[in-house]
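This report introduces a protein structure to a reader who has not met it before. Please look over the sequence and the model before reading on.

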Amino acid sequence: MTVAALDGPVLVTERFELWKPQASDLDDMIRLIADEETRTFLGQAQPEPKGVFERLERNAGSWSLRGYGTFPVRRRGGDEIVANCGVFHSWRGFGKGMDDVPEAGWIVRRDHWGQGLAKEVMRAALEWFDKTHGQRRIACMIEEGNQASQRVAAALGFTPCGEHDIGEDGKTLIVNLLERGAD
């Protein structure tokens, strides 16, 4: 992993570049979750401009206020966003250690599944976070049934710390709560 200049990617791994979010990322971020299968475990996320714009702006706010957030991920030398991964500041509103904390998350475009992207990029993001902000507890939540993300989380050192039902309108939607670096 190398750290690059501010006018380029923040981090570079063997295969990917991790950038801070930019306003010009909106269309690629919409495409990132356009595939229905990619959205399987993203709760209510939809590839509509308003919601994606709000998520992009929240992430930029995390960077501005906290000095960290998720990284739009591109293949080295590429322009297209193929994932969005990193540590952002969240407030989920259901307690259980998920309010006002750094939270890890990753979304990988379906045509890049099964290639080790999430592990490679998240290892670099977590290493950067620990060096830049100090080692501390980072939360993570993964929808029940998302075995691929459960495996990534375990490989990154996250351990279970609870579960929560985030379902709406009488529908159950369980997320597994995990943490890394708890005191």
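Which residues have the most contacts inside the largest nonpolar core? In this predicted model, they are Trp-106 and Phe-158, and the core has 32 residues. Several elements each give two or more residues to this core, as listed in the table below.

| Element | Residue range |
|---|---|
| Strand S3 | residues 16–18 |
| Strand S4 | residues 70–75 |
| Strand S5 | residues 81–91 |
| Strand S6 | residues 99–108 |
| Helix H3 | residues 117–133 |
| Strand S7 | residues 138–143 |
| Helix H4 | residues 147–155 |

Helix H3 gives the most to this core, with nine residues.

Leaving aside residues up to four places away in sequence, Phe-158 touches Ala-104, Leu-126, Ile-138, Ala-139, Cys-140, Ala-153, Leu-178, Glu-179 and Arg-180. Apart from the largest core lies another one, of nine residues, which include Met-29, Ile-33, Leu-56 and Ile-81. In soluble globular proteins, nonpolar side chains tend to be buried together.

The chain as a whole may now be described. The protein chain contains four helices and nine strands, and along the sequence these follow the pattern β-β-β-α-α-β-β-β-α-β-α-β-β. Of its 183 residues, 48% count as buried. Among contacts with a separation of 6 or more, 58% are made by residues 24 or more positions apart. The accessible surface of the protein chain is about 9600 Å², and carbon and sulfur atoms account for 49% of that surface.

How values were computed: Residues are numbered from 1 along each chain as its sequence is written. This is a predicted model: local features need pLDDT of at least 70, side-chain atom pairs count only at pLDDT 80 or more; totals for chains, interfaces and linings use all residues. Side-chain values use heavy atoms; hydrogens and water are left out. Buried means under 20% relative accessible area, exposed over 50%, partly exposed in between (1.4 Å probe, protein chains only). Contact means heavy atoms within 4.5 Å. Accessible areas come from the Shrake-Rupley method with a 1.4 Å probe; for residues, only the protein chains shown count as cover. A nonpolar core is a set of buried Ala, Val, Leu, Ile, Met, Phe, Trp, Tyr and Cys residues joined through side-chain atoms within 4.5 Å.
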